Amino acid sequence: MARAPATPETRSVRLLKVGEQVRHVISDLLTRQMVHDEVLTAHSVSVTEVRMSPDLRHAVVFVKPMLGADEELVLKALRTHTAFFQKEVAGKLRLKYAAKIRFQGDESFDVASKIDALLADPKVKRDLGEDKAGD
């Protein structure tokens, strides 16, 4: 029986599911301290998101050390052990191709902090308060 053609919607769902599975595997490896690295054992690292390429051959893993401490040092340690992570992910997920993993710092927390700071500005609060009163 022939497989139904993949639509953009089903492909995106598949990308999200595989990305989430990759995120769980990498998080599990870091939580269980399966990577024998002094920097990674000394820091708690949060894997916030994994974005897969449409062909599932590349994965961008967004990470953030807890409290944002030593982010560059942690990223360097993760990048040093990329081959280990790729091997473990490929072994656990059993996909057709082993995804090439690239680690990147997650800047979304910094952006959220900037937005919070902007919203806390008295001029903005004043404008927001007047807008609510006018409703």
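How do the residues of the lining of the largest cavity divide into nonpolar, polar and charged? They divide into 5 nonpolar, 2 polar and no charged. This is a predicted model, and the cavity is a good place to enter it.

The structure holds 1 cavity of 30 Å³ or more. About 40 Å³ of space lies in the largest cavity. Its lining consists of Leu-29, Leu-30, Gln-33, Met-34, Val-35, Leu-40 and Thr-41. Two elements, helix 1 and helix 2 (38-42), each supply at least two of these residues.

Next come the pockets. The second largest pocket has a volume of about 170 Å³. Helix 1 and helix 2 each give at least two residues to the lining of this pocket as well. Leu-30, Gln-33, Leu-40 and Thr-41 line the cavity, and these four residues also line the pocket. Ser-27, Thr-31, Ala-42, His-43, Ser-44, Val-45 and Met-66 belong to the pocket lining too. By type, the pocket lining has 5 nonpolar residues, 6 polar residues and no charged ones.

Now turn to the core. The largest nonpolar core has 26 residues. Ile-26, Leu-78, Phe-85 and Phe-103 have the most contacts inside it. Six elements can be traced here: helix 1 (8-31), strand 1 (45-52), strand 2 (58-65), helix 3, helix 4 (82-93) and strand 3 (100-105) each give two or more residues to this core. Helix 1 gives the most, with 6 residues.

Phe-103 is worth a look of its own. Leaving aside residues up to four places away in sequence, Phe-103 touches Ile-26, Val-61, Val-63, Leu-75, Leu-78, Arg-79, Thr-82 and Phe-85. Among these partners, Ile-26, Leu-78 and Phe-85 are listed with Phe-103 as the residues with the most contacts inside the core.

Helix 3 comes last. Helix 3 spans residues 71-80. Which of its residues are buried? They are Glu-71, Val-74, Leu-75, Ala-77 and Leu-78. These residues lie on the same side of helix 3, because they cover an arc of only 160 degrees around the axis. Two of the buried residues, Leu-75 and Leu-78, are in contact with Phe-103. The face of helix 3 turned away from the buried side carries Glu-72, Lys-76 and Thr-80. These three residues are exposed.

Terms used:
Residues are numbered from 1 along each chain as its sequence is written. This is a predicted model: local features need pLDDT of at least 70, side-chain atom pairs count only at pLDDT 80 or more; totals for chains, interfaces and linings use all residues. Side-chain values use heavy atoms; hydrogens and water are left out. Buried means under 20% relative accessible area, exposed over 50%, partly exposed in between (1.4 Å probe, protein chains only). Helices (H or I, at least four residues) and strands (E, at least two) are DSSP runs, numbered from the N terminus. The arc is that of the directions from the helix axis to the C-beta atoms. A nonpolar core is a set of buried Ala, Val, Leu, Ile, Met, Phe, Trp, Tyr and Cys residues joined through side-chain atoms within 4.5 Å. Contact means heavy atoms within 4.5 Å. On a 1 Å grid over the protein atoms alone, a cavity is a set of points where a 1.4 Å probe fits but cannot get out, and a pocket is an open set with protein on both sides within 12 Å along at least five of seven lines; lining residues have an atom within 4 Å of a point. Grid points are joined across faces, edges and corners, and a volume is the space filled by probe spheres set on the points. Ala, Val, Leu, Ile, Met, Phe, Trp, Tyr, Cys and Pro count as nonpolar, Asp, Glu, Lys and Arg as charged, and the others, Gly among them, as polar.
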